[in-house]
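I opened a fresh page for this one and kept my notes short. Have the structure at hand and follow along with me.

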Amino acid sequence: MVTSVTSLGRNGLYDWLIQRVSAVVIALYVIGMVGFLVCSGDLDYGTWSAFMGSTPMRIANTLMLFSVAAHTWIGLWSVTTDYLTGMTFGKAATGVRLVVQMAIALLLLVYILWGLLMIWGGA
């Protein structure tokens, strides 16, 4: 069995499972938000702020943030390993792929830290 250091899980099965679980979390979050928006009626800033500032919503937003990051990483890792190959870039393919994957990882890290700052305060 071949494992990659840039893969999120230990193998393809774990990556597949993380991708599916994160998709379910994202779907439940979207359904919950749409349900809140439909049922809230006349929504003003105070109501929205109280709703998003509550501890359950902060936890849900944090879970959503990590789910989107994991889902994005696995998806883009798959795309880069499938399309940034020796057939397209020759001998430089491994270097190009690692640079692109490191850029994606750095960007996702920035998004996670920025999201946590917005969710849990400080901004």
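Is Asn61 buried or exposed? I looked this up before anything else, keeping in mind that the model is predicted. Asn61 is buried, because its relative accessible area is 10% and the cut-off for buried is under 20%.

**Entry: around Asn61**

I placed Asn61 in helix H3. Its side chain makes a polar contact of 2.3 Å with the side chain of Tyr29. I then listed the contacts of Asn61, leaving out residues up to four places away in sequence, and found Tyr29, Met52 and Ile119. So Tyr29 turns up both as a polar partner and in the contact list, given that contact means heavy atoms within 4.5 Å.

**Entry: the cores**

Next I went to the largest nonpolar core, which has 9 residues in all: Leu65, Ala69, Trp73, Ile74, Trp77, Ile104, Leu108, Ile112 and Ile119. Two elements give two or more residues each, helix H3 (55–83) and H5. The largest share, 5 residues, comes from H3. Apart from this core I noted another, of 5 residues, with Tyr29, Met33, Met57 and Met64 among them. Tyr29, the polar partner of Asn61, is thus a name I had already written down.

I picked two members of the largest core for a closer look. Leu65 touches Tyr111, Ile112, Gly115, Leu116 and Ile119, again not counting residues up to four places away in sequence. Ile104 sits in helix H5. I wrote Ile104 down as buried because its relative accessibility is 16%, and the cut-off is under 20%. With the same sequence neighbours left out, Ile104 touches Trp73, Leu76 and Thr80. I also took a distance to Val79: Ile104 and Val79 are 25 residues apart in sequence, and their C-alpha atoms are 12 Å apart in space.

**Entry: two serines of H3**

Ser67 and Ser78 were my next stops. Ser67 has its place in helix H3. Ser67 is buried, because its relative accessible area is 7%. Setting aside neighbours within four places in sequence, I found Ser67 in contact with Ser22, Val25 and Ile26.

Ser78 also lies in helix H3. I called Ser78 partly exposed because its relative accessible area is 27%, which falls between the cut-offs of 20% and 50%. A polar atom of the Ser78 side chain lies 3.0 Å from the backbone oxygen of Ile74, and Ile74 is one of the residues of the largest nonpolar core. For a long-range check I took Asp15: Ser78 and Asp15 are 63 residues apart in sequence, with 9.8 Å between their C-alpha atoms.

**Entry: Asp82**

How does Asp82, another residue of helix H3, count by accessibility? It is exposed, because its relative accessible area of 53% is over the 50% cut-off. I noted the spacing to Arg97 too: the two are 15 residues apart along the chain, and their C-alpha atoms are separated by 9.9 Å.

**Entry: the nonpolar patch**

My last stop was the surface. I found a nonpolar patch of about 930 Å² there, made by Leu106, Leu107, Leu109, Val110, Tyr111, Leu113, Trp114, Leu117 and Met118. I looked up Trp114 and placed it in helix H5 (residues 93–120). Tyr111, one of the patch residues, was familiar by then, as it is among the residues that Leu65 touches.

Key:
Residues are numbered from 1 along each chain as its sequence is written. This is a predicted model: local features need pLDDT of at least 70, side-chain atom pairs count only at pLDDT 80 or more; totals for chains, interfaces and linings use all residues. Side-chain values use heavy atoms; hydrogens and water are left out. Patches are made of residues with over 30% relative accessible area and no salt bridge: like charges are joined within 9 Å, nonpolar side chains (Val, Leu, Ile, Met, Phe, Trp, Tyr) within 5 Å. Accessible areas come from the Shrake-Rupley method with a 1.4 Å probe; for residues, only the protein chains shown count as cover. A salt bridge is a side-chain nitrogen of Lys or Arg within 4 Å of a carboxyl oxygen of Asp or Glu. Helices (H or I, at least four residues) and strands (E, at least two) are DSSP runs, numbered from the N terminus. A nonpolar core is a set of buried Ala, Val, Leu, Ile, Met, Phe, Trp, Tyr and Cys residues joined through side-chain atoms within 4.5 Å. Buried means under 20% relative accessible area, exposed over 50%, partly exposed in between (1.4 Å probe, protein chains only). A polar contact is a pair of N or O atoms within 3.5 Å; within protein, one must be able to donate a hydrogen and the other to accept it, and residues adjacent in sequence count only if both atoms are side-chain atoms.
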